[in-house]
There are 2 protein chains.
Amino acid sequence: MTDTLDTLDHIDRKILQLLQQDANLSATELADRVGLSQSPCWRRINRLQQAGYIRRKVALLDRQKLGLGIVVFVNIKLSSHGWNMLNEFEAAIVGFPEVMECWTMSGGMDYIIRVVTKDIESYEQFLRRRLLQLPHIQEAQSHITMTEVKNSTELPLG
Amino acid sequence: MTDTLDTLDHIDRKILQLLQQDANLSATELADRVGLSQSPCWRRINRLQQAGYIRRKVALLDRQKLGLGIVVFVNIKLSSHGWNMLNEFEAAIVGFPEVMECWTMSGGMDYIIRVVTKDIESYEQFLRRRLLQLPHIQEAQSHITMTEVKNSTELPLG
DNA sequence: TGTGAAAAGGCGCAAAC
DNA sequence: GTTTGCGCCTTTTCACA
């Protein structure tokens, strides 16, 4: 619980790597993929989980099959940069399920967000009725994506 | 198996919603969260999985704890747009573990990619020795992110 | 389709080595 | 780190409304 565990050997990394690809792998299966027996492997998994390296396990759904055809990147600039403005804006963004990502940027633009909706009409709805309703938005440039070449949750552990 | 299943009722959606948040939920647990008993719930899960709504289950790791401090969006423009160029470029991108996302864009820029590395030096390495080694890159604008406000894998099923 | 129960197997988990 | 083992829970199925 108070385990610092600030150093990972190559077996730990391999375990994490495999779990990034398939969270259903049991301790038993993982064990022989990394060349270990169950118990020590199970212990490592637990340590990794309790130390917070593994945040959660989730199901990834098929966006197209669910009828979510539109993905848009939006560059946003706020007109006012007070601490309260930023916090309010970010809280609102986190609350929008259509916004899957939001990052603050160094340089010109303040934020980049990625929005997912069913179609162009519903994107327009989101934009006008949700996003642009937020105060202090100076600029919001929408960049519609066409094809998803890669969209991974695997962090590079090389 | 040959089930088309092109219509999901609100229970299916709720199951998917819950699995998007926690892939470890058992059929039993899911059952009483959606107000059903185990068997029909289990059947729905199977249908959803076999119909491809659930693509995979993965572990999400802690980027910061793993020492991956740098996230950069790169806008890329190619100098030549032949079919072969695009395919070669995309194949290379998919092969780079540092690139977690890659989308083609409508409008000016051809691609946007999200790159994750350990630090600025390793990003520079990636840029010079990997990305800019690819042929036909006309322009690559790096936009370094500062803070991760939101980074979700949950598709909006509302 | 949803309900209830029930078999079988695997897995988490821990103890001893 | 290894091997062994117990008990639980999960998945999976079957008869029935």
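These notebook entries record what I looked up around DNA strand C and in one helix of chain B, in a model that is predicted.

**Entry 1: the surroundings of DNA strand C.** I began by listing the residues that surround DNA strand C, and I found A:Ser26, A:Ala27, A:Ser39 and A:Trp42 from chain A, together with B:Leu36, B:Ser37, B:Ser39, B:Pro40, B:Arg43 and B:Arg44 from chain B. Sorting this surface by class, I noted 4 nonpolar, 4 polar and 2 charged residues. I then looked up the helices and saw that H3 of chain A (38-50) and H3 of chain B (38-50) each supply at least two residues of the surface, with H3(B) giving the most, 4 residues.

**Entry 2: which parts of the DNA are met.** Of the atoms of DNA strand C within 4 Å of the protein, I noted that 60% belong to sugar or phosphate, while the rest belong to bases. Looking at single atom pairs, I found a polar side-chain atom of B:Ser37 at 2.9 Å from a phosphate oxygen, and a polar backbone atom of A:Ala27 at 3.4 Å from a phosphate oxygen. For A:Ser39, by contrast, the partner of the polar side-chain atom is a base nitrogen, 2.7 Å away.

**Entry 3: helix H5 of chain B.** I turned to H5(B), residues 120-130, where I found B:Tyr123, B:Phe126 and B:Leu127 buried. Seen down the helix axis, the buried residues fall within an arc of 95°, so I could write that they line one face of H5(B). On the other side of the helix I noted B:Glu121, B:Arg128 and B:Arg129 as exposed. What covers the buried residues includes strands E2 (70-78), E3 (99-105), E4 (111-117) and E5 (137-151) of chain B.

Terms used. Residues numbered from 1 in each chain as written. Chains lettered and ligands numbered in written order. Predicted model: local features only at pLDDT ≥ 70, side-chain atom pairs only at ≥ 80, totals over all residues. Heavy atoms only, no water. Buried < 20%, exposed > 50% of the residue type's maximum accessible area, 1.4 Å probe, protein only. Arc of directions from axis to C-beta. Contact = heavy atoms within 4.5 Å. Near = heavy atom within 4 Å. Polar contact = N/O pair within 3.5 Å; in protein donor to acceptor, adjacent residues only side chain to side chain. Nonpolar A, V, L, I, M, F, W, Y, C, P; charged D, E, K, R; others polar.
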